[in-house]
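Please read the following report with the sequence and the structure side by side, and look up each named residue as it comes.

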Amino acid sequence: MSSPSPIDFYDVRSLLSEEERQVQDSVRRFVDDRVLPIIGDAFDEHRFPKELVTEIAELGLLGCNLEGYDCAGLNNVCYGLVCQELERGDSGLRSFVSVQGSLCMYPIHAYGSEEQKKAWLPRMASGEAIGCFGLTEPDGGSDPGTMKTHAKRDGDDWILNGAKMWITNGTIADVAIVWAMTDDGVRGFLVEKDMKGYTSRDILKKFSLRASITSELFFDHVRVPDRNRLPNVEGLRGPLGCLTQARYGITWGAIGAAIACLEEALEYAKSRVVFQRPIANTQTVQRRLADATRRITLAQLLSLQLGRLKDQKAMHHSQVSLAKWNNVRMALDIARDCRDILGAAGISVEFSAIRHMLNLESVITYEGTETIHELVIGRELTGHAAF
Ligand code: TGC
Ligand code: FAD
């Protein structure tokens with residue numbers, strides 16, 4: 001019997017189907033060949049590597065778990081593995097794919113009219129059109145029910161006013177899925193980039209997700225035709241339903257970031273000689289590496305079972321909250337610890353731990369902060385909402 005792999009200690013890969021393994025392998029190759037050679041510099045230059053979008057689309061990764069409309073129709077475990085491998089490269093690339101597929105293509109697919117689906121989904125699957133998702137506002141993100149962005153009916157149109165903040169892909173988006181309060185509660189609108197009164201600008205000088213675009217959106221009396229309203233959903237369950245899809249992918253993505261950090265720290269620890277012996281030959285470094293493997297293994301089993309439940313249509317959104325909370329916390333702790341194992345080298349862009357660590361500070365905040373997910377579980381257990 002051969003020794004278990006440090007990054008797949010329980011041979012979780014043996015639980016995957018042939019197709020799932022092939023998907024993982026092809027994204028892994030893409031990340032090794034095309035992402036890892038450039039991503040340190042892209043992060044350093046605060047640049048989203050837009051040149052990779054076409055290749056990501058050609059691999060069929062955009063909206064890959066959606067059926068029809070030129071989407072790949074893969075299962076949810078495949079989608080999770082895609083996120084895992086991309087985030088092994090960088091959280092920014094996984095963010096791009098999460099937003100495009102889970103936050104923009106998914107609501108059009110699930111809540112859109114046939115006309116909206118035909119107009120947008122094939123173009124978004126091919127990467128020709130890019131989307132962004134506007135829920136968070138300058139005055140707060142955790143409680144979207146209090147949003148101020150408002151749409152008022154005016155004949156066959158709606159007049160949209162307000163602002164959205166911290167929006168991934170905002171300035172490169174051809175279409176923004178914008179959630180706005182109306183006299184009848186929350187509704188979703190497809191706001192197209194050329195609509196009069198709609199502007200966006202980038203949020204610059206971030207310390208986190210530097211290889212991803214984050215923007216502000218402004219709506220000043222934007223006239224949106226009613227045919228651009230998502231007709232098949234009403235209320236907060238619209239945006240929250242999208243978040244469940246993206247959060248699911250993040251549970252896997254975080255595993256990828258943690259694996260990247262562990263592999264790097266392990267290699268470094270074996271070759272770094274201090275006090276006349278490799279630091280890998282010390283108890284405390286071994287304990288920290290062992291702890292990383294333990295936590296990654298638990299996260300892998302958690303996400304795989306979550307994916308199987310999702311594929312059986314038996315997944316509850318609170319189960320996604322538990323995994324998002326657990327796996328992102330796991331990855332952030334491992335990234336910080338691996339950064340320390342690298343010593344001073346760990347602050348260099350030549351190594352990936354600090355880049356993952358800084359990225360994960362966003363990942364633990366967006367798509368529901370860690371606290372929000374803890375409180376979702378608390379509400380599920382007790383029946384009391386303590387938000
Ligand atoms: P609540 O009363 O719980 O729910 C209202 C309605 O929604 C349903 N629901 C969900 N449905 C699907 N998935 C979920 N996760 C759901 N959570 C709730 C619920 O059943 C109800 O349906 P109905 O039919 O009965 O009306 O709503 P609440 O106001 O109490 O809020 C609960 C809370 C705090 C958990 C929610 O507001 C929340 O999740 N807040 C966090 C906001 C957040 O995560 N924002 C993320 C913005 S997007 C983003 O960050 C993108 S980053 C992308 C990237 O770059 O990768
Ligand atoms: P707040 O809601 O103001 O929370 C501040 C702090 O208070 C947090 O620690 C929170 O946990 C805590 N807190 C809040 N309420 C409670 C409570 N009741 N009890 C205890 N503690 C509480 N949003 C989008 O809509 N689309 C995007 O594409 C998008 N992309 C993003 C990309 C990046 C890089 C980042 C950083 C954010 C992005 N977001 C996006 C926004 C993100 O979803 C929000 O930042 C997040 O939901 C938290 O909202 P907030 O920043 O307003 O924090």
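This is a predicted model, and a good place to begin is one of its ligands: a polar backbone atom of Glu367 lies 2.9 Å from an oxygen atom of ligand 1. Taken alone, ligand 1 exposes 1,100 Å², of which the protein buries 74%. The ligand is surrounded by 25 residues, and the closest are Ser142, Thr168, Thr244, Arg247 and Gly368. Ser142 places a polar backbone atom 2.9 Å from a nitrogen atom of ligand 1, while Tyr366 brings a polar side-chain atom to 3.3 Å from an oxygen atom of this ligand.

Ser142 also takes part in the surroundings of the second ligand, where one of its polar side-chain atoms lies 2.6 Å from an oxygen atom of ligand 2. On its own, ligand 2 has 990 Å² of accessible area, and the protein covers 67% of it. Around ligand 2 there are 19 residues, of which Thr136, Gly141, Ser142, Trp166 and Thr369 come nearest. Backbone atoms contribute here as well, since a polar backbone atom of Leu135 is 3.0 Å from an oxygen atom of ligand 2, and a backbone N or O atom of Gly141 lies 2.7 Å from an oxygen atom of the ligand.

Turning to the chain as a whole, its secondary structure comes to 10 helices and 9 strands. The C-alpha atoms fill a box of roughly 80 × 45 × 40 Å along the principal axes. A compact globule of 387 residues would have a radius of gyration near 21 Å, and the chain has 21 Å, which agrees. Of these 387 residues, 56% count as buried.

The structure holds 28 salt bridges, and the table lists some of them.

| Salt bridge | Closest N and O atoms |
|---|---|
| Glu137 and Lys164 | 2.9 Å |
| Asp340 and Arg288 | 2.4 Å |
| Arg336 and Glu361 | 2.3 Å |

Where do the partners Arg336 and Glu361 lie? Arg336 is in helix α8 and Glu361 in helix α9 (residues 353-363), so this pair ties together parts that are 25 residues apart in sequence. Arg336 is partly exposed, with a relative accessible area of 36%, and Glu361, at 32%, counts as partly exposed too. Elsewhere, salt bridges that share partners join Arg28, Asp32, Glu85 and Arg88 into one network.

The bridge between Glu137 and Lys164 has a buried residue at each end, with Glu137 at 7% relative accessibility and Lys164 at 1%. In the bridge between Asp340 and Arg288, by contrast, Asp340 is partly exposed at 40%, whereas Arg288 counts as buried because its 18% falls under the 20% limit.

Some loop residues deserve attention as well. Asp90 sits in the loop between α3 (76-89) and α4 (91-111), and is buried, with a relative accessible area of 0%. Its side chain is joined to that of Arg355 by a polar contact of 2.7 Å. Leu236, in the loop between β7 (214-225) and α6 (237-271), counts as partly exposed at 29% relative accessibility. Although Leu236 and Gly145 are 91 residues apart along the chain, their C-alpha atoms are separated by 6.8 Å.

Finally, on the surface, Phe9, Tyr10, Leu15 and Leu301 form a nonpolar patch, with about 410 Å² of accessible area together. One of these residues, Leu15, is in the segment before α1 (18-44), and is partly exposed, with a relative accessible area of 48%.

Key. Residues numbered from 1 in each chain as written. Chains lettered and ligands numbered in written order. Predicted model: local features only at pLDDT ≥ 70, side-chain atom pairs only at ≥ 80, totals over all residues. Heavy atoms only, no water. Patch = residues over 30% accessible without salt bridge, like charges linked within 9 Å, V, L, I, M, F, W, Y side chains within 5 Å. Areas by Shrake-Rupley, 256 points an atom, 1.4 Å probe, with all protein chains shown as cover. Salt bridge = Lys/Arg side-chain N within 4 Å of Asp/Glu carboxyl O. Helix = DSSP H or I, 4+ residues; strand = E, 2+ residues; numbered from the N terminus. Buried < 20%, exposed > 50% of the residue type's maximum accessible area, 1.4 Å probe, protein only. Near = heavy atom within 4 Å. Polar contact = N/O pair within 3.5 Å; in protein donor to acceptor, adjacent residues only side chain to side chain. Rg over C-alpha atoms; globule rule 2.2 N^0.38 Å.
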